[in-house]
Amino acid sequence: MGVIYVGDRAVGKTHLALELANPYGQNVKVLQPDYENLKSFLVSDADSTKPTEGIDFRFLEIQAQLPAGSKSVTVDWVDTPGEIWRESWQKNNPDEWQSFLENSRKSEGILLILNPYRETLQGSMASDYSTQQQWCKRFEKWVDFFRYDCPKARHIVICLNKADLFVDNLEQEASKLAFDPNGSAMTWRKRHSYILQKYFRPIQGQIEQINKSTRGLSVQCFITSIYNRPLLELPWIYLASFLSKY
C-alpha cells in the first residue's frame, strides 16, 4: 500500500524531501531516514544536489497528524533521469526500466512533482522553463504512464512545485488552502477544484482523462514550495488520510 514519489527532471524532488524532513515541521514528519542522514546522502554541498544518472530507489517513512491521530505512509522514492521516457534509454537500461515499472504497478498511491511553465513566470528565469505547449506535451507522457502502468493506483497526487515563483501572495494562498487538524473550512474536493481551475487549467482535460481511466481512482492537485510549510505538507496529509499504515 506504498506510495511512489516521482517527477520531471530538475523539478526539486530532493529539496522538497529535505525540507519535509526538517525537524521543525507542523503536521508532517519524516520518521526515517532522519534529516541529517537524508541530507548526507542526497546533498553534495550546501547549494546543489547530486545529479541523477540512473534510477535511484530510496525509502521514506512519513507520519502525518490527522484528526483521528497519527498515521504513516511508506514511500518508494524513484529518482529518475530526464531521459527515462526515451525508447533508447529504456532499451539500454532494461533492468532499471523494469524495476521502475514493477514499483509503479504495485503502488496504490503516486505523488508526481511538476515544474511550472514559462508563461506563469516573470523575469529572466522564465526562459529556463518549458513553454505551456511543451509542458502540456510532456504531461502526455505521465498520462500514458498513469493509464497503462499504474493499474493498482487509487490516489494520484499531482503537485505543481515552486509556487513561490508563480503565486502573487504565497502566504495568503497558503492560508486559504492550509490543513487544520481541528477541522478545515475547505474539503479535499473543494481544494482540488480550486487548484485545478486556477493552476492546472491547460491540462485539466488530461487530468479528467486520468480520473476516468480506472474505476475508483482519485486524482488530487496541489501547489508546493520549499518556502511554505503548510503547502509542502498538504499532499502528504492527503495521502496519509487515504493510504495510511495503521
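Colleague: Is helix H1 (residues 13-20) largely enclosed by the rest of the structure or largely open, and why?

Modeller: In this predicted model, the buried residues of H1 include Lys13, Thr14, Leu16 and Ala17, together with Leu18 and Leu20. Because six of the eight residues of H1 are buried, the helix is, with respect to the rest of the structure, largely enclosed.

Colleague: What is the order of the seven strands in the open sheet?

Modeller: The pairing within this sheet is mixed, and neighbouring strands are turned against each other by 25° on average, with direction ignored. Strands S2 (28-32) and S7 (218-223) each have a single partner strand, so one side of each is left without a neighbour in the sheet and they stand at its edges. Read from one edge to the other, the order is S2-S3-S4-S1-S5-S6-S7.

Colleague: In which sense do strands S1 and S5 pair?

Modeller: Strand S1 covers residues 3-7 and strand S5 covers residues 109-114, and five bridges join them. Within this pair, Val3 stands opposite Gly109 in S5. The sense in which S1 and S5 pair is parallel.

Colleague: At about what angle does helix H5 run to S5?

Modeller: Helix H5, made up of residues 132-149, lies across S1, S5 and strand S6 (155-160). Its angle to S5 is about 170°.

Colleague: Over which residues is the pLDDT below 50?

Modeller: The protein chain averages a pLDDT of 86, and 90% of the residues score at least 70. One stretch, which has 10 contacts in the model beyond near neighbours in sequence, has a pLDDT below 50. Where pLDDT is low, the predicted coordinates should not be read in detail. The stretch in question is residues 45-51.

Note on methods. Residues numbered from 1 in each chain as written. Predicted model: local features only at pLDDT ≥ 70, side-chain atom pairs only at ≥ 80, totals over all residues. Heavy atoms only, no water. Buried < 20%, exposed > 50% of the residue type's maximum accessible area, 1.4 Å probe, protein only. Helix = DSSP H or I, 4+ residues; strand = E, 2+ residues; numbered from the N terminus. pLDDT = per-residue confidence, 0-100. Contact = heavy atoms within 4.5 Å. Pairing = 2+ DSSP bridges. Axes fitted to C-alpha atoms, helices over the stretch in contact; angles between N-to-C directions.
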